[in-house]
Amino acid sequence: MWQVSRISPVRLKTLGLAVVVFLAGGMVMMQSAFGLERPVLLLTGAVLLSGFCSILGQGDTTEPANVSASILIVLGLGLGVLFHQGLLGRLFLIGLLGYVLTTFNRGKSNSIREKLVFPHLVVAIILAISSIFIGEPLGLFAGLFLAVTFLPLAPFHLPFVAVIENAKGTLSSFWIVLWLAIGLSELNGIHSLLTSEMLSGIGLLALASAVYASMACLGQPKSNLFVASATVAHVALVWGLLDVFSSFPEWGVSFGVAVALLMGGVILAFSFVRQRYGWNILGKLPGLASPMPRFGMVMVFLVSFAMFLPLFSTFSGLRFMETTATHGGGMVMLLITFLVVWLGGGWYFSRMLHQTAFGQVRSDVPYTDLRKGEFFAVSALLIFAAYSGLIH
């Protein structure tokens with residue numbers, strides 16, 4: 001519609017913000033009238049907030065206008081997935097996966113990773129529609145495959161990484177929040193059906209995923225791929241804690257939303273710098289905290305929160321933990337996963353902070369600090385991530 005009607009970028013941005021505000025008002029009215037379930041309310045609220053902040057941070061040129069239009073399309077499909085159950089929800093999910101397939105540039109790279117994304121998404125589409133008509137065992141398998149795809153664990157993380165890598169501008173931030181929100185919704189629907197044997201296998205996979213993603217962060221120079229790998233590492237804690245904290249809707253959804261909003265905030269701040277300088281390599285522009293104090297302040301707060309984020313999942317889970325015995329092997333695996341995510345995050349996030357916020361300022365770069373709207377967008381994601389992780 002934007003390409004046909006030739007709406008100006010400024011008007012499209014204003015229209016996008018108005019649409020998100022209208023949808024948020026509709027969600028409040030639905031909550032008052034029908035009383036939405038707590039996980040649905042939290043997930044849709046996070047998606048709407050991320051969509052608003054991503055559109056707000058867009059510039060006024062043609063390319064960001066295309067990004068705003070993409071955000072609105074993905075927002076509509078994502079809300080359809082989160083709000084609807086059964087066949088209608090699956091149709092929205094198929095539409096979302098189909099949209100990813102049509103926008104994903106498969107010819108950009110000849111790597112094995114890129115070639116595996118397409119069949120992975122095709123299998124996800126097939127399982128999304130077949131899960132409505134098949135019985136319980138196969139339906140659980142289909143739901144679990146979709147859950148580990150959207151709440152990514154290695155080796156099922158490739159579509160998530162590819163989407164974040166290829167997303168333009170602030171769309172990468174919105175994709176992180178929406179992708180994880182759908183994964184949390186899928187896991188919320190099947191967590192009570194997972195057996196102890198399945199949970200043990202998932203815990204082992206989560207540990208391997210945490211180790212792999214943490215190692216990938218240490219050697220990743222590109223900002224989008226760095227944040228994507230850090231997200232996979234932190235998401236491993238959600239899966240790893242399932243065997244210990246059985247009340248997933250009470251602790252898991254809020255912790256997952258905190259991870260999504262925090263990582264969305266980090267990549268959103270990076271996207272603002274990339275809009276200015278075309279920069280996506282960590283360390284290429286050091287010392288940003290001095291000429292860009294707003295960027296430096298939000299980045300310090302984001303990294304500080306990220307380094308302590310694993311602790312919040314433990315505290316929130318303990319509030320709802322049942323007084324039942326926990327197998328020693330499962331607890332040891334959980335503690336190792338926790339230490340990998342916590343210590344690994346403390347290392348690679350502090351390293352990233354020193355590569356960007358601190359260091360020698362380049363004399364050949366005309367630095368421009370974050371605008372008020374950009375600063376507000378990142379701050380809003382950080383504040384609501386703290387609310388979801390600590391209070392909700």
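Helices in this account are DSSP runs of at least four residues, numbered from the N terminus, and with that naming in hand Pro155 can be placed in the loop between helix H7 (136-150) and H8. The model is a predicted one, and its protein chain has 15 helices and 0 strands. Of the 392 residues of the protein chain, 55% count as buried. Among contacts between residues at least 6 apart in sequence, 84% join residues at least 24 apart.

The loop that holds Pro155 is a convenient place to begin. Most peptide bonds are trans. The bond from Ala154 to Pro155, however, is cis in this model, with omega near 10°.

On one side of that loop comes helix H7, in which Gly143 is found. Gly143 has a relative accessible area of 3%, and because buried means under 20%, this glycine counts as buried. Once the neighbours within four places in sequence are set aside, Gly143 is in contact with Glu186 and Ile190. The C-alpha atoms of Gly143 and Leu187 are separated by 7.7 Å, although these two residues stand 44 residues apart along the chain.

On the other side of the loop comes H8, which packs with helix H6 (residues 112-130) at an angle of about 115°, the two axes being 9 Å apart. Angles of 65 to 115 degrees count as roughly perpendicular, and H6 and H8 are therefore described as roughly perpendicular to each other. Their crossing is left-handed. From H6, the residues Arg113, Glu114, Leu116, Val117, His120 and Leu121 meet Leu158, Pro159, Val161, Ala162 and Glu165 of H8. Sorted by class, this contact of H6 with H8 has 7 nonpolar, 1 polar and 3 charged residues.

Beyond H8, the chain passes through the loop between helix H8 (158-166) and helix H9 (171-190), and Thr170 lies in that loop. Is Thr170 buried or exposed? It counts as buried, because its relative accessibility is 0%. The side chain of Thr170 reaches the backbone oxygen of Ser54 at 2.8 Å. Apart from neighbours within four places in sequence, Thr170 is in contact with Ser54, Gly57, Gln58, Val67, Ile71, Leu268, Ser271, Phe272 and Gln275.

The next helix, H9, packs with helix H11 (residues 223-240) at an angle of about 20°, with their axes 12 Å apart. Because angles under 35 degrees count as roughly parallel, H9 and H11 are roughly parallel to each other. The crossing of these two helices is right-handed. Ser172, Ile176, Leu180 and Leu187 of H9 make the contact together with Asn224, Val227, Thr231, Val235, Val238 and Trp239 of H11. In the contact of H9 with H11 there are 7 nonpolar residues, 3 polar ones and no charged ones.

A last residue leads back to several of these places, for Arg274, in helix H12 (residues 248-277), touches Gly169, Ser172, Ser223, Asn224, Trp279 and Asn280, not counting residues up to four places away in sequence. Of these partners, Ser172 of H9 and Asn224 of H11 also take part in the contact between those two helices. Arg274 has a relative accessible area of 18% and is buried, because the cut-off for that class is under 20%.

Definitions and conventions:
Residues numbered from 1 in each chain as written. Predicted model: local features only at pLDDT ≥ 70, side-chain atom pairs only at ≥ 80, totals over all residues. Heavy atoms only, no water. Buried < 20%, exposed > 50% of the residue type's maximum accessible area, 1.4 Å probe, protein only. Polar contact = N/O pair within 3.5 Å; in protein donor to acceptor, adjacent residues only side chain to side chain. Contact = heavy atoms within 4.5 Å. Axes fitted to C-alpha atoms, helices over the stretch in contact; angles between N-to-C directions. Parallel < 35°, antiparallel > 145°, perpendicular 65-115°, else oblique. Left-handed = near helix turned anticlockwise from the far one by under 90°. Nonpolar A, V, L, I, M, F, W, Y, C, P; charged D, E, K, R; others polar.
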